[in-house]
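Let's take a walk through this one together. Have the sequence and the viewer open, and we'll go from the surface patches to the charged pairs and on to a couple of individual residues.

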Amino acid sequence: MLKHELERVWIASDDKKFLHIDDALKHEETLEKKRAITQKEEEKVTELNKLFLKVLNSNNWGLYFKGEPITLIPTNDDSMVYKVNEVKFDKLIEEIQKELENNCQENTQEKPTDNWSSNG
């Protein structure tokens, strides 16, 4: 014999399940706020990258590998030509973004919680 009627389950965009629509809507609202904050942070990072590259380019500055800044290139007449080991700007931006993503992931890791929520 059935003792409890089956109810609707509301599933938020992060696959978290709720038994009450109000709880699901509140949770979805907090997710939207988090998404907006994340998007603003990504826009700030992009602007910072553009500013960084603008400063380097406008001052004719460059970056080089610290461990081996210069490479010796032999020539036909037994003399050497020196070449600076520059870091490409695209690689620099890529590494900055990786580091920022790692920092964000470390700072925003959530504790594991139960995937069901109910107020009754």
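Which strand gives the largest share of the nonpolar patch? Keep that in mind while we get our bearings. What you're looking at is a predicted model. The chain has 2 helices and 5 strands, and starting from the N terminus the order of elements is β-β-α-β-β-α-β.

A few chain-wide numbers help too. There are 120 residues, and buried ones account for 9% of them. The accessible surface adds up to about 11,000 Å², with carbon and sulfur atoms holding 55% of that. As for contacts with a separation of 6 or more, 36% of them are between residues 24 or more positions apart.

Back to the opening question. The answer is strand 4, which puts 3 residues into the nonpolar patch, the largest share. The full membership is Tyr 64, Ile 70, Leu 72, Met 80, Tyr 82 and Val 84, and together they make a patch of about 640 Å². Strand 4 (80-84) isn't on its own here: strand 3 (70-74) also supplies at least two residues. Take Ile 70 as an example. Ile 70 sits in strand 3, and its relative accessibility is 46%, so it counts as partly exposed. That fits with a place in a surface patch, because membership asks for over 30% relative accessible area.

Now step to Phe 65, in the loop between helix 1 and strand 3. Phe 65 has a relative accessibility of 46%, so this residue is partly exposed as well. What does Phe 65 touch, leaving aside its neighbours within four places in sequence? The contacts are Asn 85, Glu 86 and Val 87. One of these partners, Asn 85, is 20 residues away from Phe 65 in sequence, yet the two C-alpha atoms are 5.9 Å apart in space.

Let's switch to charge. There is a negative surface patch made of Glu 41, Glu 42, Glu 43, Glu 47 and Glu 101. Helix 1 (residues 21-58) provides the largest share of this patch, with 4 residues. Glu 42 is a patch member that lies in helix 1.

Other charged residues are paired up. Side chains of opposite charge can pair when their charged atoms come close. How many salt bridges does the structure hold? The count is 6.

Start with Arg 35, which shows up in two of the pairs worth a look. One joins the side chains of Arg 35 and Glu 32, at 2.5 Å from N to O. Both residues belong to helix 1 and are 3 residues apart, about one turn of the helix. The other joins Arg 35 to Glu 28, at 3.6 Å from N to O. Are these residues buried or exposed? Arg 35 is partly exposed because its relative accessibility is 38%. Glu 32 is partly exposed too, at 44%, and Glu 28, with a relative accessible area of 22%, also counts as partly exposed. For Glu 28 the cut-off is worth having at hand: buried means under 20%.

Helix 2 (residues 89-107) has its own pair to look at. The side chains of Glu 95 and Lys 98 form a salt bridge at 3.8 Å, N to O. These two are 3 residues apart in helix 2, so about one helical turn separates them. Glu 95 is partly exposed at 36%, and Lys 98 is partly exposed at 41%. This pair is also part of something bigger: salt bridges with shared partners link Lys 91, Glu 94, Glu 95 and Lys 98 into one network.

For a last stop, go back to helix 1 and find His 27. Is His 27 buried or exposed? Its relative accessibility is 16%, so His 27 counts as buried. Leaving aside the neighbours within four places in sequence, His 27 is in contact with Ala 12, Asp 14, Lys 16 and Phe 18.

Methods: Residues numbered from 1 in each chain as written. Predicted model: local features only at pLDDT ≥ 70, side-chain atom pairs only at ≥ 80, totals over all residues. Heavy atoms only, no water. Patch = residues over 30% accessible without salt bridge, like charges linked within 9 Å, V, L, I, M, F, W, Y side chains within 5 Å. Areas by Shrake-Rupley, 256 points an atom, 1.4 Å probe, with all protein chains shown as cover. Salt bridge = Lys/Arg side-chain N within 4 Å of Asp/Glu carboxyl O. Lys, Arg positive; Asp, Glu negative; His and termini not counted. Charge placed at Lys NZ, Arg CZ, Asp CG, Glu CD. Buried < 20%, exposed > 50% of the residue type's maximum accessible area, 1.4 Å probe, protein only. Contact = heavy atoms within 4.5 Å.
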